[in-house]
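Trainee: I am new to this structure and would like a close look at a single part of it. Please pick one packing contact, go through it step by step, and then place it in its surroundings.

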Amino acid sequence: MLFERHFDSIHGYLVRRAGHDSGSEIASEVFVTAFARRSRYDLARPDATPWLYGIAANLLHRRRRDEARQLRAYARTGVDQALTNDPAERPDSALAAALGALKPADRETLLLFAWADLDYEQIAEALRVPVGTVRSRLNRARRQLRTALADDPILHPEEAING
Amino acid sequence: MDELVRLRQFRPAPAPSAAARAQGMLALRTVVGGRRRRTPRPLIVVAAIIAAAALATAAYAIYQSVIVGSPAPANVKNIVRLQTEVRGELIPRAHANPGIEVAKTKAAAAITTSVGPVYLWVAPNKRDDSCAYLQIVALDLPGGRPNLSGGCSSGGPGFYVGIDYIRVKNRPFALVQGRVGTLGAKTVELQFANGSSHTYTITDKYILAETDPNNAIKTAIVRDSNGRVLAQRRYSHPLSPSQQGQQLLHRLHPTGPWKTVATLRTIGKHRLLAEKTAPGSNRTICSELVTPSGTGGGCNRPIGPAGLDIGPTQIGTAPHGWFLLDGPVGAKIHSLDLRFEDGTHIAIPIQHGYILYQVNPQNFVSGHRPTELIARDNAGHIVNTRRFGFLH
């Protein structure tokens, strides 16, 4: 049941983080790990989503060098290896560079918020940190991104036409 | 543009991938299946929403267009097919479900519950196993995709019953379910810890009904059409969802330090894997397989002197996954050979009563696939064997 309900969202998130092959592999590992750790899951929790993303974060953490390397390569070359099926869809190498420069914990928090659509409480549960820490990490990460991207604006089509 | 908007547009979320889902399900089923082989029978009932199903007499009625005995609709068959015809499998597995006849999937039960309709779909396979898939309609996926849980288990003459505990939309929900293969069996009477009892009619070897999540089964009695007792089972710890859960999750736990008994460097990437054991509660032995990506295991009764509790475990999927043979061997077993289709064989090292061995991917080619494990004592006599099933 857990698998059926959550696989697509976990898989989608991990593919965005780690690319098609690694993302699919880690997604499988998330549910295998969840099964192995089922004794630690509190059935009173209404939603397993944060728990699963927490497992995903731990597994990604072990591969953070791969992700950082991938982001650096993208920033350098403009070729996003995470999107091997459609590498040219959004050549936002500046954003890749900015993401790659974030502290791993800040990046994790930011991407759980932006890509996994978890709220502050869910992120706190997933990463086992206080909600206050989530807020400060998010603020820091967003500020850092804003600063990094300030000189490299991507305009909306309307803005481009009007500007 | 706001940095969050820009971030959300960066690397758009991929469309759901049926192949990835199937591979993920395979990896999970492999681990679940690999561990289940070591799980005591009562725990099997708790751990899986599988194979079991049931039928109260009223279930023969038509419910929301599902008629018991009628063929499954195409969307159900598609999911059954997806669960059985997965890609990425490295090697035939002993617990695989060869030859499932998806086209013959039919409704074995259709009941009305407090969370809506619940169906049980069953399909035959060439091994005469019991292949059953439970569908709780309230948990169906967007787009009308059935959310099936199930698989195949031994279709032998024995019986088991249990209570399965599931949270459905944050509500506790319990199903009493079982499979009764006893020849001539017509009913199962369940006597509960609170003094009540209920008799369920067996149809097509299954029982299925909603029950009180707080119920605990003390005794299960199988009877024939004349009321004669054919089989009976008393549970020393009454089976209830919570107690089963306790038994599964808490009662069986390590009571001593973990000790590494076998290690392995994987072929290619040289990742270190380890098999660890520790004394467990209730006279069990706990074991776990430690891999770079996670740890899985459980606590089980010690095996006999000629025991061979080796399960194939697939981690990851083809072509990069690992196919492992791991588990304990009995004290009497002195050597272990892995035999291939072409008659060749190799010795599998035994480390402190355990094996942890990766089958070389080069041995997966047709005509040279592993077929059997052969255990010998120190006089060279065969004391146990374990055959692997083939999917193709």
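Mentor: One cut-off is needed at the start: an angle of 65 to 115 degrees between two axes counts as roughly perpendicular. Keep in mind too that this is a predicted model.

The part to look at is a pair of helices in chain A. Two packed helices are described by the angle between their axes and the distance between the axes. Here the pair is helix α6 (residues 104-114) and helix α8 (residues 131-149) of chain A, whose axes are 9 Å apart and meet at an angle of about 95°. That angle falls in the range just given, so α6(A) and α8(A) are roughly perpendicular to each other. On the α6(A) side, the contact is made by Ala105(A), Asp106(A), Arg107(A), Thr109(A), Leu110(A) and Phe113(A). The α8(A) side supplies Val134(A), Arg137(A), Leu138(A), Arg140(A), Ala141(A) and Arg142(A). Sorted by class, the residues of this contact are six nonpolar, five charged and one polar.

Now take α6(A) by itself. A residue is buried if 20 or more other C-beta atoms lie within 10 Å of its own. Nine of the eleven residues of α6(A) are buried, so the helix is largely enclosed by the rest of the structure. The buried residues are Asp106(A), Arg107(A), Glu108(A), Thr109(A), Leu110(A), Leu111(A), Leu112(A), Phe113(A) and Ala114(A). Within chain A they pack against α1 (2-18), α3, α5 (93-101), α7 and α8, and they also pack against α1 (3-9) of chain B.

Beyond α6(A) comes a loop that leads to α7 (120-127), and Asp117(A) lies in this loop. Most residues other than glycine have a negative phi. Asp117(A), however, has a positive phi, near 60°, and is not a glycine. Asp117(A) counts as partly exposed because it has 13 C-beta neighbours inside 10 Å.

The helix after that loop, α7(A), has Gln122(A), Ile123(A), Glu125(A), Ala126(A) and Leu127(A) as its buried residues. They pack against α3 (49-62), α6 and α8 of chain A. Both helices of the pair are thus among the partners of α7(A). Arg128(A) follows α7(A) and also has a positive phi, near 55°.

How does this fit into chain A as a whole? The chain has nine helices and zero strands. Of its 163 residues, 44% are buried. Among the contacts in chain A with a separation of 6 or more, 60% join residues 24 or more positions apart.

The predictor's confidence varies along the chain. The mean pLDDT of chain A is 75, and 70% of its residues reach 70 or more. Of the elements of chain A, α6(A) has the highest mean pLDDT, 90, whereas helix α9 (residues 157-162) has the lowest, 30. Residues 83-90 of chain A stay under 50, and the model gives this stretch ten contacts beyond four places in sequence. Residues 153-163 of chain A are also below 50, with eight contacts beyond near neighbours in sequence.

For contrast, turn to chain B. Four of its strands form an open sheet in the order β19-β18-β21-β22, with antiparallel pairing. β19 (345-347) and β22 (382-387) stand at the edges with a single partner strand each, so one side of each has no neighbour in the sheet. On average, neighbouring strands are turned by 20° against each other, direction ignored. Five bridges join the antiparallel strands β21(B) and β22(B), and Glu372(B) has Arg387(B) in β22(B) as its bridge partner.

Thr371(B) is in strand β21 (residues 370-376). Leaving aside residues up to four places away in sequence, Thr371(B) touches Arg339(B), Phe340(B), Glu341(B), Arg387(B) and Phe388(B). Arg339(B) is 32 residues away from Thr371(B) in sequence, yet the C-alpha atoms of the two are 5.8 Å apart. With 17 C-beta neighbours inside 10 Å, Thr371(B) counts as partly exposed.

The loop between β19 and β20 (354-358) of chain B holds His352(B). This residue has a positive phi of about 50° although it is not a glycine. His352(B) is exposed, because 12 other C-beta atoms lie within 10 Å.

Key
Residues numbered from 1 in each chain as written. Chains lettered and ligands numbered in written order. Predicted model: local features only at pLDDT ≥ 70, side-chain atom pairs only at ≥ 80, totals over all residues. Helix = DSSP H or I, 4+ residues; strand = E, 2+ residues; numbered from the N terminus. Contact = placed C-beta atoms within 7 Å. Axes fitted to C-alpha atoms, helices over the stretch in contact; angles between N-to-C directions. Parallel < 35°, antiparallel > 145°, perpendicular 65-115°, else oblique. Nonpolar A, V, L, I, M, F, W, Y, C, P; charged D, E, K, R; others polar. Pairing = 2+ DSSP bridges. pLDDT = per-residue confidence, 0-100.
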